Amino acid sequence: MVSSAPAVDVPPQPWTGRFDGDGAEHRRWWQSVTPYAPRRAQPGHPSARPAVILGFGSDAGVRRNQGRAGAATAPAAIRSALGPLAFHLGREVHDAGDVTVAGDALEAGQVRAGLAITSLLDAGQLPVVLGGGHETAFASYLGVAGSEAVLAGKRLGVLNLDAHFDLRDEPVPSSGTPFLQMARAEAAAGRELRYAVVGISEPNNTRALFDTAARLGVKYLLDEDCSAAAVAEFIAAFLADIDVLYLTIDLDVLPAAVAPGVSAPAAYGVPLPVISGVCRQVAASGKLLHLDVAELNPEFDIDSRTAKVAARLVTTVLA
């Protein structure tokens, strides 16, 4: 049975980029990405599973979290950075369009995005969500948790590359609350959240957040401890304890010089080669179920530097 098209607010738009020719040897992303047409993906190796890009245009959560607004335009900026890149992937890539959050209607937008993600997962696709503030993560979780056929009997792990735990206990959801929301939703379903974070900045997380992480059994590495070897060992141990993985990349995990265009630029950060290594390790595991990239703020970017890093990380995960 073929699933219906995911409901979006903005249909896929034409991609653009440099033209060097129509041959396969000249192909770039803008020539390779096609609008998503609902169909069931054929079973095969995870590295060949079609990827479907879905934008989540939101900065309502960032505003609620008292951050620098502007992430709502991130999906277009990341697509613009991806478009001119040479296309070396061995899988199809499609574009399903965008779910957008109007004003402060965050929760409704997260539900809509979640339903779109579930439809993609149920059709055997690899969703690649381009956010948006890190409230994107709870939309992603709703989509993953809603795909009962995909998750049946499997241990789900959530791996966050981030300077922050995003475990705030607030009366109103925001970009700072998604993983506590996940933990509570998992508990209500009789499960325990398997959550790990690479890149935690100790000065930017209160003792209350560290206490919450300890209570929930969150595994984490501080940014200062993120050598390539230490991170590879940490990721290997986490992957060994799960069956499928949701990877979320908050671009503020990177040093501000590498990723200036975020709501909260990092004074220290984890080097890009280390983060890229995580992406390769996750891709090689064959366990990746869902990917999102969050917190790009084009209004504060410099020469599209952060958007280009986001695009590079997407290509690394999908390679």
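## Salt bridges

D169 is exposed, at 56% relative accessible area. The model discussed here is predicted. D169 pairs with R184 in a salt bridge, and their closest N and O atoms lie 3.2 Å apart. R184 sits in helix 7 (residues 178-188), while D169 belongs to the loop between strand 5 (156-161) and helix 7, so the bridge ties together parts 15 residues apart in sequence. R184 has a relative accessibility of 47% and counts as partly exposed, because exposed residues must be over 50%.

A second salt bridge joins R191 to E186, with 2.7 Å between the closest N and O atoms. R191 is partly exposed, at 43% relative accessible area. E186 is buried, at 5% relative accessibility.

## A buried pair and a network

D98 and R79 also meet through their side chains, in a salt bridge of 2.8 Å from N to O. This pair links distant parts of the chain: D98 is in strand 3 (residues 93-100), R79 is in helix 3 (residues 74-82), and 19 residues separate them. Both D98 and R79 are buried.

Elsewhere, salt bridges link R18, D20 and R28 in a network. How many salt bridges does a search of the whole structure find? The search finds 13.

## Helix 4

Helix 4 covers residues 106-122. At 1.5 Å a residue, its 17 residues should span 24 Å. The end C-alpha atoms of helix 4 are 24 Å apart, so the span agrees with expectation.

Many positions in helix 4 can be named as buried: L106, G109, Q110, A113, G114, A116, I117, T118, S119, L120 and L121. Just after helix 4 comes G124, with a positive phi of about 80 degrees.

## Helix 5 against helix 7

Two packed helices are described by the angle between their axes and the distance between the axes. For helix 5 (residues 136-145) and helix 7, the axes come within 8 Å and cross at roughly 25 degrees. Angles under 35 degrees count as roughly parallel, so helix 5 is roughly parallel to helix 7. Their crossing is right-handed.

Which residues make the contact? Helix 5 supplies A137, F138 and Y141. Helix 7 supplies P178, F179, Q181, M182, A185 and E186. E186 thus has two roles in this account: E186 contributes to the helix contact, and E186 forms the salt bridge with R191.

Note on methods. Residues are numbered from 1 along each chain as its sequence is written. This is a predicted model: local features need pLDDT of at least 70, side-chain atom pairs count only at pLDDT 80 or more; totals for chains, interfaces and linings use all residues. Side-chain values use heavy atoms; hydrogens and water are left out. A salt bridge is a side-chain nitrogen of Lys or Arg within 4 Å of a carboxyl oxygen of Asp or Glu. Helices (H or I, at least four residues) and strands (E, at least two) are DSSP runs, numbered from the N terminus. Buried means under 20% relative accessible area, exposed over 50%, partly exposed in between (1.4 Å probe, protein chains only). The expected span of a helix is 1.5 Å times one less than its number of residues. Axes are lines fitted to C-alpha atoms, for helices over the stretch in contact, and angles run from 0 to 180 degrees between N-to-C directions. Angles under 35 degrees count as roughly parallel, over 145 as roughly antiparallel, 65 to 115 as roughly perpendicular and the rest as oblique. A crossing is left-handed if the near helix is turned anticlockwise from the far one by less than a right angle, and right-handed if clockwise. Contact means heavy atoms within 4.5 Å.
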